[in-house]
Amino acid sequence: MEKKSSLPLNLCHVMKTEMIINRLYMLFLGISLIALFYYRITNLSHIIKTNQKSLLIPHLLIFISELLFTFHWILHQAFRWRPVTRTVNLPGRDNDVNLPSIDVFVCTADPSKEPSLGVMNTVISAMALDYPPDKLSVYLSDDGGSFVTLRTMKEAWGFSKWWLPFCKKYEVRNRCPEAYFSGSESDDEFVSSREFKLYGEFKDSLNKITVNASSCASRDHAPIIEVLSDSSQHSMPRLVYVAREKRPSYPHHFKAGALNALVSAVMSNAPYILVLDCDHYCNDPTSARQAMCFYLDPQVSSKLAWVQFPQKFHNMSDHDLYDGRIYYYWRRWHGIDGVGGPMISGSNTYLKRESLYGNKNINKNAFDFNDMKKSFGSSNELIKSIYENYKPHSSEKETRVSGALKNEVQLIASCSYDSHSKWGKEVGFIYASVVEDVMTGLYLHRQGWVSVWLDPPRPCFLGTCPTNLSDMLVQQARWGLGQLQISVSKYCALVYGISRMPILQCMCYTAATFDPLYVFPFYGLCVVPQICLLNGIPLYPKVSDPIFVVFVFIFLASQLKHVQEVVFYGDSIRTALYELRVWMMKSASCYLYAVLGAFLDNIGLQEASFNLTNKVADDEQDERFKKGIYDFRGSPMLITPICSLYVLNVFSFVIGIARFVQSHKAINELFVQAFIPLFGIVVKYHVFEGMVLRKDKGRVSPFVTLVSIAIATFILCFGSLVLIY
């Protein structure tokens, strides 16, 4: 871990091979798209001139769909323009005295969906970070105000009194207890039956608390603050339980509201904050030191707002059926890091506290409490904490919140504190979207801050990803809704950030927040060609036409580029297939409901909600996941659109084959339109298995199958009337 003084703290490497491949891909596919649109425009002109009214609408819809796909494609090329990767050189421990303090925020909300054992393992792993304990404070933000969470946290504190010294003594690298005792490291010679027994007793105590106490999340409770610290334990960081006040009559702003309840500002006021989801434990205890390799670098530290680590997961199998690893995003984050810096990604983020306060809201030369209260609220201590050299009243080893500090803490944690200030608007995490991470990252980048992406070989954090289709669809629908809330608001990156951010970075933000709009061109290409195939109307050039080669090249180049990116990132071709399947399912279902939800939210008919992903294990579902078998149990509303489009493609392909049998001319004219449904049928073969071949509990329910057949039949019949006649 020691480093030579001549080495820089961090290095940025341009991924030259990927960059060259990406730019050549952009060039050749861009030329092909120009040729495609030339064909479409001339074809539409001919249809209009010859007054072929029955052909106009379907050709126009296909043209619009291709335009929308191309618009998305152009935006996404910003991610490919200059991908970079970063490495760090950890300083020696003789520099520990120069390390700044860190406050860790672990966010949880509902013990019935987020098991206490997993939450406490995350808390313990954060306390066990390889960092000076006197410079580390851990805050468990419990938005559910649950008695279970508070009790189990106290048990975790007791277990940590043994666990932290054990990790330090034997230089344990994996400091999450559950991962350690269930992994290969627990075979080390210094681990005896006593260690296993102590952890077993800890787990038993958590189980008893969970069984004997109500685990319901409260929606109506006063603020609760408890500090756990022990002056006799010099190797222990402080642990604080925070449950901000919640009342039905006040909006609580979900996770963003929890992060904005900065109780830590008047208790420890560390200049840096680590944000962790409750299921993302610290897998590498050196993550804080790695982040400091950027913050202590004078060349980048002044404008650096956050260091983002990827979300990686411990519960993966050989079959990542639901794209739970979301490597699709992390591959893109290498690209956005090269053009301005990555977005905040929800968890595993080391943030500079100063960046959350907003540059224009701080005037250190004119200390005016009344003016500052307009931005930061009515707490004098919170306002003082913004300025340098502020020392909180709470000492490092204070075990109780009392007196004036207690009043300040309860004020900051009250549900109305941010109501008459700029919290959530210009200060802290921004409330404009349920994906507060993307929204806040965009806001901070526009303020002039920069960020970096660090993806080391050993994952610094490991979380729990969805292992069933229903949870994946719910999660993606929520993300899609949040992305659209940004897209249709004043925060749309192409408008909001264009004057203050690099154009390529604006394109990256726009591409990410516009992703749910794929639903429109996706449905266009999943419905219109199929209806026209049913009626024998060609929408694409004949196989014998020279322009046919352009369509083939665009299709093959797009698919091969996806495979290349997957393989270069270290995955198999099978991963590319799984990602393509998930993209199709998201476009058919999640994005459909995200668009509908955003529309209703925008006109005030439905309020956006934040649905937690269930982290409680289901043995039966997990077994299917490990074997590579899809589980279609879940809301029929989410599953039905996927199955309906599949049935529609099967119907149209069968009819297309019948036309080919009757006429060889049809093969030449309708080949592409028959290939499109065939491609969907093959890629989503798992849907056919779920509806027809499988008889287990995880199959598509007969009810959903029948409804899907009815919907597909209706679309084909009604679509023929509307588009053709």
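Contact here means heavy atoms within 4.5 Å. The model shown in these views is predicted.

**View 1. Helix 13 and its cover.** Helix 13 spans residues 436-446. The helix is mostly covered, with 11 of its 11 residues buried. The buried run opens with Glu436, Asp437, Val438 and Met439. Thr440, Gly441, Leu442 and Tyr443 are buried too. So are Leu444, His445 and Arg446. What covers these buried residues includes helix 7 (254-260) and strand 9 (304-308). Strand 12 (450-453) is also part of the cover. The cover further includes helix 14 (469-487), helix 15 (493-496) and helix 16 (503-514).

**View 2. Glycine 448, after helix 13.** Helix 13 is followed by glycine 448. The phi of glycine 448 is positive, near 110°.

**View 3. Cysteines without disulfides.** A disulfide is a covalent bond between the sulfur atoms of two cysteines. How many disulfides does the structure hold? The structure holds 0. Cysteine 12 is in no disulfide. For cysteine 12, the nearest cysteine sulfur is that of cysteine 293, 14 Å away. Cysteine 293 is in no disulfide either. Its nearest cysteine sulfur belongs to cysteine 460 and is 11 Å away. A disulfide needs the two sulfur atoms within 2.5 Å.

**View 4. Cysteine 12 and cysteine 293, buried or exposed?** Cysteine 12 counts as partly exposed because its relative accessibility is 39%. Cysteine 293 has a relative accessible area of 0%, so cysteine 293 is buried.

**View 5. The largest cavity.** Rolling a probe the size of a water molecule over the atoms shows where empty space is left. A search of the whole structure finds 3 cavities of 30 Å³ or more. The largest cavity holds about 160 Å³ of space. Its lining has 19 residues. Which of them are the closest to the centre of the largest cavity? They are Arg244, Gly257, Ser414, Cys415 and Asp418. By class, the lining has 9 nonpolar, 5 polar and 5 charged residues.

**View 6. The second largest cavity.** About 60 Å³ of space lies in the second largest cavity. Phe105, Tyr139, Ser141 and Val242 line this cavity. Ala258, Ala261, Val263 and Ser264 line the second largest cavity as well. By class, its lining has 6 nonpolar and 2 polar residues. The lining of the second largest cavity has no charged residues.

Methods:
Residues are numbered from 1 along each chain as its sequence is written. This is a predicted model: local features need pLDDT of at least 70, side-chain atom pairs count only at pLDDT 80 or more; totals for chains, interfaces and linings use all residues. Side-chain values use heavy atoms; hydrogens and water are left out. Buried means under 20% relative accessible area, exposed over 50%, partly exposed in between (1.4 Å probe, protein chains only). Helices (H or I, at least four residues) and strands (E, at least two) are DSSP runs, numbered from the N terminus. On a 1 Å grid over the protein atoms alone, a cavity is a set of points where a 1.4 Å probe fits but cannot get out, and a pocket is an open set with protein on both sides within 12 Å along at least five of seven lines; lining residues have an atom within 4 Å of a point. Grid points are joined across faces, edges and corners, and a volume is the space filled by probe spheres set on the points. Ala, Val, Leu, Ile, Met, Phe, Trp, Tyr, Cys and Pro count as nonpolar, Asp, Glu, Lys and Arg as charged, and the others, Gly among them, as polar.
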